[in-house]
Amino acid sequence: MKKYKVYLSMLATFIAVTCVFSYFFLYKDTNLSAQVQRVVNSKAQPAFNQMIYGGFGPDALNKPMDVAVINQFVYVTDTNNKRVQVFDLGGTPFFKFGKEGEGKGEFKFPYGIAGDKQGQVYVSDLYNGCISVFDSKGKFIKYFAEKDPKETIIEAPGGLRIVGDKLYVTDIKKSKVLVFDLEGKLLKEIGSLGQKPGQFQAPNALTLDKDGNLYVVDTGNQRVEVFDKDYKYVRSINGSLNGAGDSIFVNPRGIGIDSRGILYVVSNLTHFVYGFDLSDKDKKLFTFGGNGESNTQFSLPNGLFVDQNDNVYITDSSNQRVAVYK
């Protein structure tokens, strides 16, 4: 009887392991070890899933800087081509919009991108100094918060995030975060130029967690600064204990948070993405990437977006592609 029970236990273990590996084999995931880790460890790093490229020749991506999933389509700022490219979730090119210029619907340096509940697309233009709003098919609607780019409410917009009924913008030139309602009314200015807690030097991307806390990539100071829902400074994150030591970031850029409470930060000049556990004193959980051209490497990664299904989209700017992890 005892031998029979041991046999049943071994059989059950064999069946369970076989099922796990069969699942990954059938779905043809390219990073098997990482996927297995996700089954065993709920805080494991995501696995590479696919690459998104543009077409060939003039249709190829050229320095993609930011990415967002809006109404089940992937929108990418194709910066050197002065346009936005749109893909379906499988990575198939769908359409593109924009051209070089200073007029309505035109770009000089399209950078941050975000979408609202109506599917409208907001694109920040770092050099034109404005945020343009388009419908889901790329038709220009208006300038956000300004009648034209000559106004100076916004000077050098970088990262964008829309959460609820608010648009959050990093103004790189002003070294501030601007908070607007979606009608374009300025509600709050956060920060100022400097190195002290709550100050910025060329802030870049930003995101919010489920409790309304704001996370700002303070690029020039090599850190992420955290503010509570009332926009009061809380703490800094740079990979050291309590954010007080030397930073592991070099030119940090994109940022996002998944449903597990993991904060992702892109370190642009080291070509890595870091994951931190927000529920455990910002403990560093994992690092992936590194300089190269393989599917699991990057060359000057920049933007990062986490969708509602915890897929992580990373613009791999010098490799001219968008990497998708899940």
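# Two loop residues, two cores and an enclosed space

K82 sits in the loop between β3 and β4. This is a predicted model. The phi of K82 is positive, at about 55°, although K82 is not a glycine. Is K82 buried or exposed? Its relative accessibility is 16%, so K82 counts as buried, because the cut-off for burial is under 20%.

Q72 also has a positive phi. The value is near 70°, again in a residue other than glycine. Q72 belongs to the loop between β2 and β3. Its relative accessibility is 44%. Q72 therefore counts as partly exposed.

## Overall make-up and confidence

The protein has 326 residues, and buried residues make up 52% of them. It contains 2 helices and 26 strands. Take the contacts between residues at least 6 apart in sequence: 41% of these join residues at least 24 apart.

The mean pLDDT is 91. A value of 70 or more is reached by 88% of the residues. Where does confidence drop among the elements? Helix α1 (residues 2–26) has the lowest mean pLDDT, 45. Strand β25 (residues 312–316) has the highest, 99. Residues 2–8 have pLDDT below 50, and this stretch has 0 contacts beyond near neighbours in sequence. Residues 13–30 are also below 50, but here the model has 10 contacts beyond near neighbours.

## The nonpolar cores

The largest nonpolar core holds 22 residues. Which members touch the most others? They are V74, Y75, V84, V121 and Y313. Five strands each supply at least two residues of this core: β2 (64–70), β3 (73–78), β4 (83–88), β9 (121–125) and β26 (321–325). The largest share, 4 residues, comes from β2. The two loops described above join strands on this list: Q72 lies between β2 and β3, and K82 between β3 and β4.

V121 shows how this core is wired. Leave aside its neighbours within four places in sequence. V121 is then in contact with I70, Y75, F97, I113, A114, S132, V133, F134, D135 and S136. A second, separate core has 15 residues, including F48, I262, F288 and A323.

## Aromatic pairs

The protein has 24 aromatic pairs. One of them joins F97 and F134, with ring centres 4.9 Å apart and planes at 50°. The pair is tilted, because the angle falls between the 30 degree limit for stacked and the 60 degree limit for edge-to-face. F97 lies in strand β5 (residues 93–97), and F134 in strand β10 (residues 130–134). The pair therefore ties together parts that are 37 residues apart in sequence. Both rings also belong to residues in contact with V121.

F97 is buried, with a relative accessible area of 6%. F134 is buried too, at 1%. Both sit in one aromatic cluster, formed by F73, F94, F95, F97, F107, F134, F140 and Y143.

The table sets these two residues beside the loop residues.

| Residue | Location | Relative accessibility | Class |
|---|---|---|---|
| Q72 | loop between β2 and β3 | 44% | partly exposed |
| K82 | loop between β3 and β4 | 16% | buried |
| F97 | strand β5 | 6% | buried |
| F134 | strand β10 | 1% | buried |

## Pocket and cavity

The largest pocket contains about 1100 Å³ of space. It is lined by 43 residues. Nearest its centre lie I162, F305, V306, D307 and Q308. Strands that each supply at least two lining residues are β1 (48–52), β2, β8 (110–115), β12 (157–163), β16 (203–208), β20 (252–257) and β24 (301–306). The largest share, 4 residues, comes from β12.

How many cavities of 30 Å³ or more does the structure hold? A search of the whole structure finds 1. The largest cavity has about 100 Å³ of space. It is lined by 16 residues, and D66, G159, N204, A205 and G303 are the closest to its centre. Strands β2, β8, β12, β16, β20 and β24 give two or more residues each to this lining. These six strands also appear on the list for the pocket lining. Strand β2 is thus named for the pocket, for the cavity and for the largest core.

How values were computed:
Residues numbered from 1 in each chain as written. Predicted model: local features only at pLDDT ≥ 70, side-chain atom pairs only at ≥ 80, totals over all residues. Heavy atoms only, no water. Core = buried A, V, L, I, M, F, W, Y, C linked by side-chain atoms within 4.5 Å. Buried < 20%, exposed > 50% of the residue type's maximum accessible area, 1.4 Å probe, protein only. Contact = heavy atoms within 4.5 Å. Phe/Tyr/Trp six-rings, centres within 6.5 Å; stacked < 30°, edge-to-face > 60°. pLDDT = per-residue confidence, 0-100. 1 Å grid on protein atoms, 1.4 Å probe; cavity = no way out; pocket = protein on both sides within 12 Å on 5 of 7 lines; lining within 4 Å. Points joined across faces, edges and corners; volume = space filled by probe spheres on them.
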